[in-house]
Amino acid sequence: MPSYYIWTIGCQMNKAESQKMADHLETFGYQVTDALQKADLVILNTCVVRQSAESKVLGMLGYLKGMKNQKPDLSILVTGCFVDSDIEQLEKNFPHVDLFIKPSDYIGLCNWAERQSPVITEDIVRLPSNHEVTVSVFIPIIQGCNNFCSYCIVPYRRGREMSRPIDEIASEAIELAKHGTREVTLLGQNVNSYGHDLPVPSDLGDLLSELNHIVGLERIRFLTNHPKDMSRQLILAIGSLDKVCQHINLPLQSGSNHVLNAMKRGYTAEQYRHLIGNIRRQMPEVALSTDVIVGFPDENDEQFKQTLAMLEEIRFDTVHVATYSPAQVPLRPRSIRIIFRLR
Ligand code: SF4
């Protein structure tokens, strides 16, 4: 039986997608190994949101090049946000990689696996995840992002928003609950946009209501939100559904309107403050976390102090802080056009 090893870096979405890839590979007869050096197939599930992440990916690609020299039968697949639209250029730059797959392209992975060892092919892409079902599981509900925050590469790599149908997500959650999962975390770059692109438009509140009925499921979480898209109906739904955890991660990014505007975030500090007021009125016990970027290009001391003042005023339960730094472009030819990224 051929063995596989999946190396994952980045957000929860990548972790969830690695799990899904593992499920598909096992359908084709692959068996997981805990040591990269022992694997017949290595998949790199990559992230380039931060410079340090891209450097690690390049380091792994260099390491695998040496490994393939020693072991020519080794198969190397690369997926995740490192894979841009210019796959031809990637193939020229990294000829030791067998296949570059766009993020969440399970069909591409299955087609490749089928060519290597055709075992089972029927409807595998739609099978619910059943590999090592655990108490808490991530479920991607929407891919891509329609916002173009000026510092973020995600829309360029993951494309525009694409929601999974409610019944498909519900079936997966029912199956997971039957096998012992008690908590699901719904994932998306912007879960507040969920459903607008479905044939019958719906929203995250509709999905939460549907999942709230599932027998065996006890807790439902969701990540991550966008302040400009968090509607009043959604806040009401979160507050009224007993299985939905009253924990909201609402990225602030900056307390300065000037910086928010430069980031193209689509809201002001006042609108953000107003939204927090609405959430706390509806859910007095809510746990709030946020993300903040410091050192955005041209941010001055006064603007930084405005962010600090917002943090002191709102008193979040958790604050995730990232510093900003110029990317060391070009790390690879025809890399990205974004000049600054999170470190
Ligand atoms: S909303 Fe999030 S994923 Fe979308 S562009 Fe902005 S930071 Fe990136």
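**Exercise 1.** Sort the shell around the ligand by residue class.

*Solution.* Start with the counts: six nonpolar, three polar and one charged residues. Here Ala, Val, Leu, Ile, Met, Phe, Trp, Tyr, Cys and Pro count as nonpolar, Asp, Glu, Lys and Arg as charged, and the others, Gly among them, as polar. Next, put names to the shell: Cys 145, Asn 147, Cys 149, Tyr 151, Cys 152, Val 154, Pro 155, Gln 189, His 226 and Arg 265 surround the ligand, with a heavy atom within 4 Å counting as near.

A word on the model: it's predicted, so local features need pLDDT of at least 70 and side-chain atom pairs 80 or more, while totals for chains, interfaces and linings use all residues. Numbering starts from 1 along each chain as its sequence is written, and side-chain values use heavy atoms, leaving out hydrogens and water.

**Exercise 2.** Work out which strands stand at the edges of the four-strand sheet.

*Solution.* First, write down the order of this open, mixed sheet: β7-β6-β8-β9. Strands are DSSP runs of E with at least two residues, helices are H or I runs of at least four, and both are numbered from the N terminus; two strands pair if DSSP finds at least two bridges between them. Then look for single partners: β7 (162–163) and β9 (219–223) have just one each, so one side of each is left without a neighbour in the sheet.

**Exercise 3.** Find out how β8 and β9 are joined.

*Solution.* Take β8 (residues 183–188): five bridges join this strand to β9, and the two run parallel. Now zoom in on Thr 185, which stands opposite Arg 221 in β9.
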